[in-house]
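Please read the points below alongside the coordinates. They deal with the pockets and then with the aromatic side chains.

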Amino acid sequence: MTALVVCNGKPLNETDFKKFAESCDVIIAADGGAKTALQYGIQPDYITGDMDSFDASEGVNSVIISDADQETNDLEKALNLALEKGIDEVFIVGATGQRTDHTLKNLSVQLQFLPKFRLIKMIDDIFEYDIITRSLSKSINIGTVISLFPLS
C-alpha cells in the first residue's frame with residue numbers, strides 16, 4: 001500500500017499534489033499539512049500530530065490522532081501511523097521549504113525510517129529526495145541537477 005504524507009512546509013503545486021493524492025491508497029496529514037490538503041480539495045484519511053498548527057474543530061471527516069509528545073516531530077508521528085496501517089511505500093510532500101531546521105530534521109527522519117519502508121521519498125516543486133544506501137544506476141535527462149551529500 002502507498003501513502004501520501006502531507007507536512008506543513010512549502011506545498012507542492014496543486015496539479016502535482018492532486019496527482020500524488022489520487023495515486024495513493026492513504027493520505028496522512030502531519031498536523032498543519034491538513035490545511036494544504038483541504039485547500040486543494042483533498043480530504044486526508046488521517047490527521048496526526050501535536051495539533052499546534054491545525055485546529056481539529058475545523059469540521060473535517062478525517063480520523064484525528066492527537067499526540068502531544070514533543071520528542072517526535074509531526075512527520076515521525078505520521079510515519080509511525082503509516083507503519084501501523086501496513087503502508088510500505090511513502091511519498092512525503094511539504095517537508096521542505098519553510099524552515100531550514102525543519103527541512104534538516106525531516107531529512108534525518110527520512111533516513112531514520114528508511115529501513116522500515118520499501119520506498120520512502122520526499123518531493124517538493126524542485127527536487128526529489130532519495131536516500132541511497134547502495135550502488136545506483138539511473139537514466140536521467142541531460143541538464144538534470146543532481147546533488148549528492150552524506151547524511152552520516
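1. In this predicted model, the helix α4 makes the greatest contribution to the lining of the second largest pocket, supplying five residues. Both α3 (74-84) and α4 provide at least two lining residues there. The lining comprises 26 residues, and those nearest the centre of the pocket are Asn8, Asn73, Asp74, His102 and Asn106.

2. The second largest pocket encloses about 460 Å³ of space, and its lining divides by class into 14 polar, eight charged and four nonpolar residues.

3. For the largest pocket, the space amounts to about 1200 Å³, and 32 residues form the lining, with Glu128, Tyr129, Asp130, Ile131 and Ile132 lying nearest the centre. The elements giving two or more residues to this lining are α4 (100-113), β6 (119-123) and β7 (128-129). Classed by residue type, the lining of the largest pocket holds 20 nonpolar residues, together with six polar and six charged ones.

4. Four aromatic pairs are present in the structure. In one of them, phenylalanine 127 and tyrosine 129 have ring centres 6.2 Å apart and planes at 70 degrees, and the pair is therefore edge-to-face, given that the class requires an angle over 60 degrees. Tyrosine 129 counts as buried, at 19% relative accessibility, whereas phenylalanine 127 is partly exposed, at 35%.

5. Two lysines should also be inspected for their placement over rings. The charged end of lysine 116 sits over the ring of phenylalanine 113, 4.8 Å from its centre, while lysine 19 lies over the face of phenylalanine 20, at 5.3 Å from the ring centre.

Key:
Residues are numbered from 1 along each chain as its sequence is written. This is a predicted model: local features need pLDDT of at least 70, side-chain atom pairs count only at pLDDT 80 or more; totals for chains, interfaces and linings use all residues. Side-chain values use heavy atoms; hydrogens and water are left out. Rings of Phe, Tyr and Trp (its six-membered ring) pair if their centres lie within 6.5 Å; planes under 30 degrees apart count as stacked, over 60 as edge-to-face and the rest as tilted. Buried means under 20% relative accessible area, exposed over 50%, partly exposed in between (1.4 Å probe, protein chains only). A charge sits over a ring if NZ of Lys or CZ of Arg is within 6 Å of the ring centre and within 35 degrees of the ring normal. On a 1 Å grid over the protein atoms alone, a cavity is a set of points where a 1.4 Å probe fits but cannot get out, and a pocket is an open set with protein on both sides within 12 Å along at least five of seven lines; lining residues have an atom within 4 Å of a point. Grid points are joined across faces, edges and corners, and a volume is the space filled by probe spheres set on the points. Helices (H or I, at least four residues) and strands (E, at least two) are DSSP runs, numbered from the N terminus. Ala, Val, Leu, Ile, Met, Phe, Trp, Tyr, Cys and Pro count as nonpolar, Asp, Glu, Lys and Arg as charged, and the others, Gly among them, as polar.
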